[in-house]
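Let's talk through how to read the internal cavities of a protein model. Grab a coffee and have the viewer open.

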Amino acid sequence: MSACEADCKTVCSFWAPVEANPRCYGEIVLQRLFETHPDVQKLFPKFVDLSKEQLQNNPGVQAHGEIVVCKLTEILKSNGKCKEIIKALAESHAKQHKIPLVNFKIISDVIVTVATEKLDGFGPDAQTALKNVLKTFQIELEVFYDELGFKP
């Protein structure tokens, strides 16, 4: 078993609540992202002009958050065999959405924070495993961004 596979398995052992309610956890992640990094909100055209109050219980935020969490769950369950998933994300986020790579680091940090706060028993080992998975994701994403020639 590779280190990435082991890290995926570690995170998955805590991930059932997230997988059972991706809309809720995704909304929490995006709310926290916009709260802690308000400049990132401008990268989401549907949400750019919305106040904090308008973002609360917003169906669009919930739906996008659900997509984020479901994609991360797909990556985790792939046990490190996720190049095609990441390639598709790179293509959409580089070509269509024009999202700089630094923003994946930012949301990754938010995801770790939310998981630590919301998942029972998500201690240092699980946190490190999730950080490792997300770092590997960012490295692979950067490779695909480079192949696409995307340099924001």
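What follows is a short back-and-forth on the cavities in this predicted model.

Q: How do I find out where empty space is left?
A: Rolling a probe the size of a water molecule over the atoms shows you that. Here, the structure holds 2 cavities of 30 Å³ or more.

Q: What volume does the largest cavity have?
A: About 80 Å³.

Q: Which residues line the largest cavity?
A: Go through them in your viewer: W15, V18, Y25, V29, V69, L72, I111, V114, A115 and L119. As for elements, α3 (22–36), α5 (59–77) and α7 (102–118) each give two or more residues to that lining. The top contributor is α7, with 3 residues.

Q: How do the residues of that lining divide into nonpolar, polar and charged?
A: Easy one: the largest cavity has 10 nonpolar lining residues, no polar and no charged.

Q: And how much space lies in the second largest cavity?
A: About 40 Å³. Its lining is made up of C4, C8, I75, G80, C82, I86, V133, T136, F137 and E140.

Q: Which elements supply at least two residues of the lining of the second largest cavity?
A: Look at α1 (3–12) and α8 (124–148). Of the elements, α8 gives the most, with 4 residues.

Q: What does the lining of the second largest cavity look like by class?
A: You get 7 nonpolar, 2 polar and 1 charged residues there. Set that beside the largest cavity, whose lining has no polar and no charged residues.

Key:
Residues are numbered from 1 along each chain as its sequence is written. This is a predicted model: local features need pLDDT of at least 70, side-chain atom pairs count only at pLDDT 80 or more; totals for chains, interfaces and linings use all residues. Side-chain values use heavy atoms; hydrogens and water are left out. On a 1 Å grid over the protein atoms alone, a cavity is a set of points where a 1.4 Å probe fits but cannot get out, and a pocket is an open set with protein on both sides within 12 Å along at least five of seven lines; lining residues have an atom within 4 Å of a point. Grid points are joined across faces, edges and corners, and a volume is the space filled by probe spheres set on the points. Ala, Val, Leu, Ile, Met, Phe, Trp, Tyr, Cys and Pro count as nonpolar, Asp, Glu, Lys and Arg as charged, and the others, Gly among them, as polar.
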